[in-house]
Amino acid sequence: MSNWVRAHTNIALIKYWGKENENLIIPMNNSLSLTLDAFYTETNVTFDDDLKSDQLYLNGHMQDFNALIKVKTVLDLVRKKAGIKTKARVDSYNYVPTAAGLASSASGLAALAGSASRAAGLDLSSKDLSKLARRGSGSASRSIYGGFAEWQKGHSHETSFAVPVDAADWDIGMLFIVVNDKKKDISSREGMSRTVNTSPFYQGWLDTLDADLNTMKEAIKNQDVHKVGEIAERNALKMHATTLGAKPPFTYWSPDSIKAMDAVKQLRETGFSVHFTMDAGPNVKLICRQSELEDIKHHLLVDFKESQLISAKPGPGLHAISK
Ligand code: 2P0
């Protein structure tokens, strides 16, 4: 019997940046995201008595021990809950450019939590799946849900999980400008840890988050795409500002990221309601009306290749698939 599931990636509009507890992955702040249709991971977990150790096959290729670290954390928790010791084979296919700041860990670890728990015979609630996915990768806690989701930081394993915020069946979309799909130099895990520990700007970031979160929820409730974009853009810029104050300093921006941000400002001047957000990588994600995605894409073809531009609409939460 197979246990294939699919989880979609999510992009944070209010960013998760920093951990209060690195072992349990308890974040410093609540974050809020939109799950998207365009990028996802499909995973099947099989517990097999004949295996001597856990195995991970990513896009058909066996992975080494380093790639297994996050996966093993989730598998160990599932084994503990199910009272088994059996090792597992994990087959995972990423329909996401891996480690390019396009949040492959969010969909990957959410899919793993879903499939591993099913394979072990556990019937977990969305809340428990969110907690389990969180232990693999923080942002994965939000990919359990479709549409908008808020990861409520909590203060322990039991109290830190995501909840659905609102349906996203309105005129909102995202457009990805992929300026680089190579693996990044500084992982988000290392980047956020360095920032928390050394950046004098980190406290300033934390101090403004409650206001950002509250106005963002209001804007989502009002289906106000302009306001959603405006708050998300400033929130992302504040997050990226903290990295410049870290020791040693670093940035995820490349010259092409700045070119993309400039293009967004120009589009805004021509009357489009469009803003950008960026994660732990150089790619730029536009927040706009779904109904204007094609028009905006057309304008961007002056500066970028068609292959660099990927439209995304709100997507579903974790679900089982037949394969
Ligand atoms: C986010 N990021 O909210 C933020 C914004 C990157 C920038 O969540 O260490 O891969 O596994 O919990 O989830 C990326 O961090 O990090 C991330 P871990 P994760 O989407």
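This passage describes the two domains of a predicted model, the contact between them, one enclosed helix and a set of salt bridges. Residues are numbered from 1 along each chain as its sequence is written. Because the model is predicted, local features need pLDDT of at least 70 and side-chain atom pairs count only at pLDDT 80 or more, while totals for chains, interfaces and linings use all residues, and side-chain values use heavy atoms, with hydrogens and water left out.

The protein chain is assigned domain 1 (5-168) and domain 2 (173-312), with bounds that come from an automatic or database domain assignment. The C-alpha centres of domain 1 and domain 2 are 23 Å apart. To their contact (heavy atoms within 4.5 Å), domain 1 gives 32 residues and domain 2 gives 47 residues. The size of an interface is often given as the accessible area lost when the parts come together. Here, domain 1 and domain 2 bury about 3,000 Å² between them, 72% of it on carbon and sulfur atoms; this buried area is the accessible area (1.4 Å probe) that two parts lose on being put together, summed over both. On the side of domain 1, the most area is lost to domain 2 by Leu 13, Lys 15 and Trp 17, which together make up 28% of what that side buries.

Two salt bridges cross the interface of domain 1 and domain 2, where a salt bridge is a side-chain nitrogen of Lys or Arg within 4 Å of a carboxyl oxygen of Asp or Glu. Lys 15 appears again in a salt bridge, with its side chain meeting that of Asp 279 (2.7 Å, N to O). Strands β1 (5-14), β4 (31-47) and β8 each supply at least two residues of the side of domain 1 that touches domain 2, and β4 gives the largest share, six residues. Helices (H or I, at least four residues) and strands (E, at least two) are DSSP runs, numbered from the N terminus.

Turning to helix α3 (residues 126-136), eight of its eleven residues are buried, so the helix is largely enclosed by the rest of the structure. Buried means under 20% relative accessible area, exposed over 50%, and partly exposed in between (1.4 Å probe, protein chains only). Among the buried residues of α3 are Leu 129, Leu 132 and Arg 135. Their cover includes β3 (26-27), α1 (65-82), α2 (104-119), β8 (148-152), β9 (161-166) and α4 (188-198).

Side chains of opposite charge can pair when their charged atoms come close. The whole structure holds 18 salt bridges. Within α3, Asp 128 and Lys 131 form one (3.1 Å, N to O), and these two residues are three apart, about one turn of the helix. Asp 128 is partly exposed at 24% relative accessible area, whereas Lys 131 is buried at 5%. In helix α4, Glu 190 and Arg 194 are four residues apart, again about one turn, and their closest N and O atoms are 2.8 Å apart in a salt bridge. Glu 190 is partly exposed at 38% relative accessibility, and Arg 194 is buried at 17%.

Lys 238 and Asp 212 also form a salt bridge, with 2.8 Å between the closest N and O atoms. Lys 238 lies in helix α7 (residues 225-244) and Asp 212 in helix α6 (residues 209-221), so this pair ties together parts that are 26 residues apart in sequence. Both Lys 238 and Asp 212 are buried. Elsewhere, Asp 54, Lys 72, Asp 76 and Arg 79 are joined into one network by salt bridges that share partners.
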